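Me: Hi! Could you walk me through this model in plain words?
Reply: Happy to, just ask away.

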Number of protein chains: 6
Amino acid sequence: MSTVPVLADDALSPEAAAVFADIRATRNTDFVNNFWRALANDPALLKRTWESLKAVMGPGALDPKVKEMLYVAVSIANGCEYCIRSHTTAARAKGMTEAEFMELVAVVGMASETNRIVTALQVPIDPAFMGTGAR
Amino acid sequence: MSTVPVLADDALSPEAAAVFADIRATRNTDFVNNFWRALANDPALLKRTWESLKAVMGPGALDPKVKEMLYVAVSIANGCEYCIRSHTTAARAKGMTEAEFMELVAVVGMASETNRIVTALQVPIDPAFMGTGAR
Amino acid sequence: MSTVPVLADDALSPEAAAVFADIRATRNTDFVNNFWRALANDPALLKRTWESLKAVMGPGALDPKVKEMLYVAVSIANGCEYCIRSHTTAARAKGMTEAEFMELVAVVGMASETNRIVTALQVPIDPAFMGTGAR
Amino acid sequence: MSTVPVLADDALSPEAAAVFADIRATRNTDFVNNFWRALANDPALLKRTWESLKAVMGPGALDPKVKEMLYVAVSIANGCEYCIRSHTTAARAKGMTEAEFMELVAVVGMASETNRIVTALQVPIDPAFMGTGAR
Amino acid sequence: MSTVPVLADDALSPEAAAVFADIRATRNTDFVNNFWRALANDPALLKRTWESLKAVMGPGALDPKVKEMLYVAVSIANGCEYCIRSHTTAARAKGMTEAEFMELVAVVGMASETNRIVTALQVPIDPAFMGTGAR
Amino acid sequence: MSTVPVLADDALSPEAAAVFADIRATRNTDFVNNFWRALANDPALLKRTWESLKAVMGPGALDPKVKEMLYVAVSIANGCEYCIRSHTTAARAKGMTEAEFMELVAVVGMASETNRIVTALQVPIDPAFMGTGAR
């Protein structure tokens, strides 16, 4: 059970209903998942979050599948089960294979291990790693 | 200053020196960064970590650049500055553009925001997201 | 199921029973929630934790409702479902409205997003932010 | 040193310059802190982040000082030094006293302690805490 | 339900089956827990993880019970329920008493509290704490 | 620089001075580290934190060295540099060898890796791990 009501379509405010219409049009499906139904309790937050997500996960420099995989990796590190499941589903829908998922899991595990070892040892940063990407 | 000595080449045990030789051969450079020099205080841990990293980050289902970007994303979520810098450097060396890096940062930020919102609202998992990838 | 027994009133040691009596008197209710019943396996830890909580969450410079909201915000960031639910319940009992709760959620989400962006970009601290509050 | 350039005013794209103008007008100061100067490498991300922050931290149900304190609490839990310092500065500017700050710190510490104890003991959620706030 | 299939013995690849045989021989029991059955979807990751775990948790400088307790402490901090339960079970099997477990929980709670207070106050590191353990 | 003043002895309130006297007597040294000097801005928080720490880290079921090592492990997972350094120093003073420290680091790394892999795969908990330690 959520900490706020998960709103059915007929319980939406007009502003929330308009966002749901855009979600359905953008994704070309009638299905609107529970995340948006819980957010709909605050229509302004719903609208802002949806518009940010649409912009961030939409066309850009990175492949959409790669973006979903980055989302999954962060969700694992942050321990969000709902997010792991929803974005793993999305990544698979965008072509992530099972071999790619297991490799993602291996990278996340390896990074988590070395992140903590580095923190434990307080490794000084090599000058070679201090770049800003500027040319 | 690290919590253990950062070992110079002439302070290595034979087992650690052998790992350093493999790092140099695999990466085709004489440069061995401080992470390995701190780990060298425990040659068995050094060897295990290097061999795992070589296997995980080596050829596989995912593009090497994508793997480095996943590594960076996790390191951001875990707050490891050394790891962010070293793997951002590696990702750039493998072709990550500045536009791709900023997009990675946007995805990590967005995921972190929605991860916490989902946790706050305790959103119930939609049955559509409960797949295992099995067919 | 918890990792230690959740103790019923008749299973309490005398020291734990005395703490339960103080919880009941302080809160003016017979209800003692499961957190204390699990802690009661270590009466000294139970007593110390209760006395700290009573002092921290009692009268002070901040409004009790605000303190509960800070507690909820931290519990979201730390991913503790039990704590989110129990302190959201407490905050509502102390007057938090649903609009305030959704605004809290928006702030927690926003902070989590910018926390990670700042970490990713390793933004240098502006001198203007280096104050200690001393005059 | 940041992982991307911290842009001076004369290095901004027109879209980024427009956001800086709005930051200056909204805050009624010429000072634009480094967070925005690093974000300016991706003008779309800069604009989205600024507009979200302006909306979330602007007038609403909660006192602006309380919102800054929630921001600080989350930033502590996420370990972001820059964010702790910038939002503590903002909270002080909005009236947070030193006694209030120390009380915030005490609440964050207490919540972090009990969050972990609850997780360790896997305390079952009391039915009384399962509300959604709906009436 | 897991995000990948939990494999029964008759669904294992030959390489995974060989790892399971070593798990059974090393632990002297026919029981193989679900962690390995999920990992078995990627036999190379399964093999690497098992061999690392066997090496890290095997005979060394620290008592095996202490190693399991350190594992539990980290798992609490990282919020992994499965890991808390499996390694608490292992620690108990290696002799951890209930008094020791509650003391572990108290230390984890205390450390989490002071970790966050230190971060909030940005306490400068005393020179006396800057040692590397070298003599 | 800290976010609150680090108080010298002559800036202490009488209540804070009394706590410092107990720290010095208990530890049998004149040295009082910066953590307490920052906490001294809130004498009640200082007193409560010191008394809890003294109780938790004092004589009990676990070896004092093991308690310090648990403290270090949690501090690594929480990313608190000050705490890692101060409690590593304390653990070394209580007899932790360099081999034991590196083994601790290996366990923390291993646990962090498997914690995330378990979270990624959402491994179902084996019934054998559901014990409460009760007999």
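Me: How far apart are the centres of the two domains of chain A?
Reply: The centres of domain 1 and domain 2 of chain A, taken over C-alpha atoms, are separated by 25 Å. Domain 1 covers 1–58 and domain 2 covers 60–123, with bounds from an automatic or database domain assignment.

Me: What should I know about the model itself?
Reply: This is a predicted model, where local features need pLDDT of at least 70, side-chain atom pairs count only at pLDDT 80 or more, and totals for chains, interfaces and linings use all residues. Residues are numbered from 1 along each chain as its sequence is written, while chains are lettered from A and ligands numbered from 1 in the order in which they are written.

Me: How many residues do chains A and B put into their contact?
Reply: Chain B gives 62 residues and chain A gives 62 residues. Two residues are in contact if their C-beta atoms, placed from the backbone, lie within 7 Å.

Me: And which helix of chain B supplies the largest share?
Reply: That is H6(B), with 18 residues of the side that touches chain A. Helices here are DSSP runs (H or I, at least four residues), numbered from the N terminus.

Me: What's the mix of residue classes on that side of chain B?
Reply: It has 36 nonpolar, 19 polar and seven charged residues. Ala, Val, Leu, Ile, Met, Phe, Trp, Tyr, Cys and Pro count as nonpolar, Asp, Glu, Lys and Arg as charged, and the others, Gly among them, as polar.

Me: What turn lays chain B on chain A?
Reply: A turn of 180° with a shift of 0.0 Å along the axis does it, at an RMSD of 0.0 Å. That is the relation of a two-fold axis. The copies are superposed by least squares on the C-alpha atoms of residues with pLDDT of at least 70 in both.

Me: Why do you say these copies meet through the same surface?
Reply: Because 100% of the interface residues of chain B are also interface residues in chain A.

Me: Switching to chain A and chain C, what turn is it there?
Reply: Chain A goes onto chain C by a turn of 120° and a shift of 0.0 Å along the axis, with an RMSD of 0.0 Å. That is the relation of a three-fold axis. In chain A, the C-alpha nearest the axis belongs to Gly79(A), 4.2 Å from it.

Me: Do the surfaces matter there too? I mean, what share of the contact residues of chain A recur in chain C?
Reply: The share is 20%, and the copies use different surfaces.

How values were computed:
Helix = DSSP H or I, 4+ residues; strand = E, 2+ residues; numbered from the N terminus.
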